[in-house]
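Let's take a walk through this model together, going from one helix pair to the next and then on to the place where the chains meet.

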Amino acid sequence: MTYKLDVMTTAHAGILIEDIEKCISELYKADDTAPKSIMEKHLPQVIVDYALMGVASNNKEQTTENIREYLSQLKDKLKNMEVMHMDLAFYPRAKFLQEIYEKISIKLGYQVLLDININELMLGGITLEHQGKYFDYSLKTQVNKFVDDYLNHGT
Amino acid sequence: MNTLPTPTNLYYLLIFVFLASLTTLVLILTYSFYTWIVSRRKNVIYKQLYELDPRADAYNEALKIIEAARTKSLSLLKEAHLEKQSVEDSALRIEKELKALFETKARQMRKKQQKSLELITNDFLDQYKNLLESEKRQTSKSIVEATDIIRQKLLDEVKEFSNVLANQSYRSQAAIQKKINEEYESAKKEVDEYKKHAKERIESAVSGIIRRATLELIGKNMTQEDHEALITKSLDNILQSSEFSTV
């Protein structure tokens with residue numbers, strides 16, 4: 001069974017990294033009896049399951065030390081994930097964000113973190129920056145283009 | 001009742017005053033006469049007593065001795081006075097002689113000193129003249145040399161001043177250039193700032209116009225779904241674009 005990391009934006013990643021750090025810090029103080037309860041105290045259940053399965057898939061016992069090591073690796077992975085900058089005219093609903101994220105992930109074939117900036121002046125649409133290239137599909141630019149074309153060519 | 005005295009009363013008063021005065025005169029005369037009589041009798045008694053007293057001879061002897069002593073002392077005093085007068089006269093004479101001697105000696109010494117002074121003064125004058133001549137020659141020489149030195153120094157200073165002036169001029173020019181550059185940069189910054197604000201204002205105004213234009217073009221307010229549909233469509237276009245790299 002493959003677990004997918006449910007982290008889509010840099011904001012989500014930042015919060016998760018803080019939670020993982022707190023969890024690791026507490027795991028250092030704890031004995032081997034209750035690592036799971038400590039994880040559940042600090043992390044969402046989906047992340048707890050993801051970490052436990054990750055340790056198991058590496059053929060290791062779910063000891064405090066092994067879990068701590070796995071969480072450290074996860075933290076580094078989050079920090080090193082590719083970031084894609086995106087401008088929207090409003091902050092998207094969770095469901096719509098999920099849709100956008102899945103489209104991008106499927107196209108790319110790997111997971112990225114979306115750095116979403118809200119710019120009301122763009123009126124609508126989307127702008128996206130990926131690997132040094134800038135794609136402007138904002139409503140403002142489209143209307144400008146339309147107005148320019150209309151003024152220049154009358155069509 | 002009349003208080004004024006009558007002539008009769010006044011007459012009696014006068015008689016009374018006359019009799020009182022006469023009585024007083026008689027009393028005074030009587031007392032004076034009595035006193036004179038008593039004094040006379042006392043003198044007679046004292047004279048008799050003195051002639052009978054043996055101490056009177058001794059007294060007279062004593063008086064004689066005292067008189068002799070007084071005469072002797074007066075004589076001694078007179079001799080002392082004469083002696084003192086003689087000593088004073090001698091002292092005065094010696095003083096006068098000494099004074100005369102001193103004045104003579106002083107006069108001689110003064111003359112001698114005057115002569116020496118004249119000699120020294122002449123000698124000194126000669127030396128001074130020689131010295132002045134020497135100084136004059138030296139000064140003339142020094143003045144000539146100093147003139148050359150001053151001339152050279154002035155030339156050097158003028159040259160140095162010229163260099164300083166040139167240097168200052170260059171520095172001033174550099175400072176002015178720097179100031180101009182700074183002013184230019186500051187002005188450019190202000191212009192850029194102004195341009196930025198103007199652009200923002202224009203963009204804001206254009207944005208409003210576009211918003212209105214958008215509404216008119218689209219003909220209705222976009223709903224959340226419309227926005228999401230537009231984003232989905234735009235994203236599809238981007239992902240399908242040949243420029244979007246998946247590597």
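A good place to begin is chain A, where α2(A) passes α3(A) in a crossing that is right-handed. Please keep in mind as you look around that this is a predicted model. Helix α2 covers residues 35–42 of chain A and helix α3 covers residues 45–57 of chain A; their axes come within 8 Å and cross at roughly 145°. On the α2(A) side, the residues to pick out are Lys36(A), Met39(A) and Glu40(A), and they meet Gln45(A), Val48(A), Ala51(A) and Leu52(A) of α3(A). Sorted by character, the residues of this contact come out as four nonpolar, one polar and two charged.

Now stay with α2(A) and turn to its other partner in this tour, α1(A). The axes of α1(A) and α2(A) come within 9 Å and cross at roughly 150°. The two helices are therefore roughly antiparallel to each other, and α1(A) passes α2(A) in a right-handed crossing. From α1(A), the contact takes Asp19(A), Lys22(A), Cys23(A), Glu26(A) and Leu27(A), while α2(A) supplies Pro35(A), Ile38(A), Met39(A), Lys41(A) and His42(A). Here the division is five nonpolar, one polar and four charged residues. You may recognise Met39(A), which also took part in the contact with α3(A).

Next, follow α1(A) to another neighbour. Helix α1 (residues 10–29) of chain A and helix α4 (residues 64–79) of chain A have axes that come within 10 Å and cross at roughly 160°. Once again the pair is therefore roughly antiparallel, but the crossing of α1(A) and α4(A) is left-handed. The α1(A) side of the contact consists of Leu16(A), Ile17(A), Ile20(A), Glu21(A), Cys23(A), Ile24(A), Leu27(A) and Tyr28(A), and among the α4(A) residues are Ile67(A), Leu71(A), Leu74(A) and Leu78(A). Of the residues in this contact, eleven are nonpolar, two polar and four charged.

Which residue forms a salt bridge with Glu21(A)? The partner is Lys75(A), with the closest N and O atoms 3.6 Å apart. Glu21(A) lies in helix α1 of chain A and Lys75(A) in helix α4 of chain A, so this pair ties together parts that are 54 residues apart in sequence. Over all chains, the structure holds ten salt bridges.

Finally, let's step out to where chain B meets chain A. The contact takes 25 residues from chain B and 29 residues from chain A. Between the two chains, an area of about 2,700 Å² is buried, and carbon and sulfur atoms give 72% of this. On the chain B side, Ile231(B), Leu235(B) and Ile238(B) lose the most area to chain A, together 21% of what that side buries.

How many salt bridges are there between chain B and chain A? The count is two. In a salt bridge that you can look up directly, the side chains of Lys103(A) and Asp236(B) meet with an N to O distance of 3.0 Å.

Notes. Residues numbered from 1 in each chain as written. Chains lettered and ligands numbered in written order. Predicted model: local features only at pLDDT ≥ 70, side-chain atom pairs only at ≥ 80, totals over all residues. Heavy atoms only, no water. Axes fitted to C-alpha atoms, helices over the stretch in contact; angles between N-to-C directions. Helix = DSSP H or I, 4+ residues; strand = E, 2+ residues; numbered from the N terminus. Parallel < 35°, antiparallel > 145°, perpendicular 65-115°, else oblique. Left-handed = near helix turned anticlockwise from the far one by under 90°. Contact = heavy atoms within 4.5 Å. Nonpolar A, V, L, I, M, F, W, Y, C, P; charged D, E, K, R; others polar. Buried area = accessible area lost by both parts, 1.4 Å probe. Salt bridge = Lys/Arg side-chain N within 4 Å of Asp/Glu carboxyl O.
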